[in-house]
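Thanks for coming. I will take the sheet first, then the domains, then a pair of helix contacts. Please have a look at the model before I start.

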Amino acid sequence: MTQNLERYHRQMLLSGIGEEGQKKLLASKVLVLGCGALGTVIANMLARAGVGHLVIVDRDFIEITNLQRQVLFDESDVENAIPKAEAAKMKIAKINSQVTVDAIVDDVNHTNIEKLAQGCDVIVDGVDNFETRFVANDAAVKLGIPYIYGGAVGTVGMTYAILPHTHNGESPWEQAGVATPCLRCIFEQAPPPGMNPTCDTAGVLGPAVSIISNFQVTETIKVLTGNFAAVRDKLLSIDIWENDVRQLKVARAYDVGECQCCKKRNFEFIDGKFASSTTTLCGRNAVQMTQKLSDGEKLNFDTIAKRLESHGTVKANKFMLQAHITDNGEAYELTLFTDGRAIVKGTKQPTVAKSIYAKYVGA
Ligand SMILES: [Zn+2]
C-alpha cells in the first residue's frame with residue numbers, strides 16, 4: 001500500500017488530505033457526466049489525484065474542433081473515430097493504471113441517471129445543457145449525492161457545489177450544518193432555447209473551461225476527503241477575459257424558496273416531465289435523436305452500411321457507423337451508435353434530423 005501511495009506524496013503533504021484523505025480518494029467512485037471540454041479536464045485531474053473509480057458517460061465522438069480545449073484527446077482519436085468516453089478510458093489507463101474507469105457511450109437522461117449515479121460519492125457536471133443538469137440535480141437530491149455544477153461559454157464560466165438536503169437529514173454535510181440549495185433553488189427552469197449564448201454562437205476559450213473544471217475538481221476532492229466545511233457555498237462566476245470574478249451568495253435560496261426538487265422532493269426531471277427525444281447539440285450544427293432499441297438489441301451496421309453506400313460514403317467500426325449523405329442538395333453527416341441513438345450533422349432542426357433518420361435508417 002505504501003508503495004502505491006508514493007505517487008500521491010505531494011498531495012498527501014496537504015493538511016486537508018494526508019494519508020487518510022488519500023485512502024478515501026482511492027476508495028471513492030465519481031460519476032463524470034459528459035467528457036467534452038469540462039469533462040476531460042475533470043477526468044484527467046481526478047485520475048491523477050487517485051480517485052479510484054471513475055464512471056465517464058458521454059454520447060459523442062471526437063472531432064478536430066474539440067482538440068482546442070478537450071485535453072484528453074489527440075489527432076489519432078479524430079482519425080479513428082473513437083467515442084469520447086472510450087478514448088478517455090484509454091488515456092487514463094496510461095496516466096494512472098490504479099484507476100478503474102467505466103466508459104459509457106450514451107446520452108444522460110431521465111431514464112438512466114439513477115442507475116448511473118447509484119453508488120457514486122459525487123456527481124460532476126461536464127454537460128452542455130440545462131435539461132441534463134436538472135436531471136442530474138434531481139438524482140443528486142433524490143439519492144443524497146453531492147453534485148458539482150459547472151459550465152463555460154465564451155470567456156465566462158460558472159460553478160457551484162451542491163451538498164443536497166436529503167430525505168432524512170442524516171448526510172455528513174447536513175450533520176456538519178453545511179447543506180446547500182440545489183440547482184433548481186437557484187435556476188428554477190432551464191433558460192428557453194435561444195435565450196442564452198451557446199458555444200455555437202459565442203465560441204469558447206479553452207482556459208475558461210479549464211479554470212472552471214479545476215474549481216469543480218477541487219470541490220470534488222474536498223467532498224471526497226470529508227472536508228465539507230471547506231466547500232464554497234457561493235455561486236462562482238468568472239470572466240477570464242475581463243478579469244471579472246464574482247461570488248454570488250445563494251445560501252438563502254433554500255430557506256426562502258419553494259423548490260420542487262429539494263424542498264418538496266418532487267423530481268419532475270427524473271419523472272420525464274420535461275424530457276425531449278431530440279436535442280440540438282451545443283457548439284455543433286447537429287441534432288441528437290434518442291429513439292432507442294429495446295434492451296440488448298443492437299443495430300446491424302453491415303446491413304445499414306450496404307443500404308447507405310449508394311447514397312454516400314460510409315465507414316463503420318465496432319462503436320459507430322458514419323455516413324456522409326447528400327439529400328435534396330444538402331450535405332449531412334449521419335452517425336449511428338449500436339444502441340440506435342443517432343447524431344445528424346448539417347442541421348439544427350429536429351424535424352429535418354428526424355426525416356433524415358427515417359429516410360436512411362428507418363423507424
Ligand atoms: Zn432545491
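**The sheet**

Let me begin with one pair of residues: M320 has F337 in β13 as its bridge partner. Before going on, this is a predicted model, in which local features need pLDDT of at least 70 and side-chain atom pairs count only at pLDDT 80 or more, while totals for chains, interfaces and linings use all residues. Residues are numbered from 1 along each chain as its sequence is written.

A word on terms: helices (H or I, at least four residues) and strands (E, at least two) are DSSP runs, numbered from the N terminus. Two strands pair if DSSP finds at least two bridges between them.

Strand β12, residues 320–327, runs antiparallel to strand β13, residues 330–337, and 8 bridges join them. Further along, H324 stands opposite E333 in β13. The two strands form a hairpin with 2 residues between them, and N328 in the turn has a positive phi of about 50 degrees.

On to the next pair. β13 is joined to β14 by 4 bridges, again antiparallel. Here E333 stands opposite K345 in β14. The hairpin of β13 and β14 has 4 residues between the strands, and G340 in its turn has a positive phi of about 100 degrees.

What is the order of the strands in the open sheet? The 6 strands run β9-β10-β14-β13-β12-β11, with antiparallel pairing. At the edges are β9 (278–280) and β11 (312–316), each pairing on one side only. From one strand to the next, the twist averages 15 degrees.

Two helices pack on this sheet. Helix α14, residues 301–308, touches β11, β12 and β13, and its direction makes about 165 degrees with that of β11. Helix α15, residues 350–360, touches β9, β10 (286–289), β12, β13 and β14 (342–345), at about 60 degrees to the direction of β10. For these angles, axes are lines fitted to C-alpha atoms, for helices over the stretch in contact, and angles run from 0 to 180 degrees between N-to-C directions.

**The domains**

The protein is divided into domain 1 (2–256) and domain 2 (278–360); the bounds come from an automatic or database domain assignment. Taken over C-alpha atoms, the domain centres are 29 Å apart. How many residues of each domain are in contact with the other? There are 13 in domain 1 and 12 in domain 2, where contact means C-beta atoms, placed from the backbone, within 7 Å. The side of domain 1 that touches domain 2 has 5 nonpolar, 3 polar and 5 charged residues. Ala, Val, Leu, Ile, Met, Phe, Trp, Tyr, Cys and Pro count as nonpolar, Asp, Glu, Lys and Arg as charged, and the others, Gly among them, as polar.

**Helix α4 and its partners**

Last, helix α4, residues 37–49. Its axis comes within 9 Å of that of helix α12, residues 206–224, and the two cross at roughly 40 degrees. That makes α4 oblique to α12, since angles under 35 degrees count as roughly parallel, over 145 as roughly antiparallel, 65 to 115 as roughly perpendicular and the rest as oblique. Residues in the contact include L38, V41 and M45 of α4 and V209, I212 and V217 of α12. By class, this contact has 11 nonpolar, 5 polar and no charged residues.

The axes of α4 and helix α6, residues 84–95, come within 10 Å and cross at roughly 25 degrees, so α4 is roughly parallel to α6. Here T40, A43, A47 and R48 of α4 meet A88, I92 and I95 of α6.
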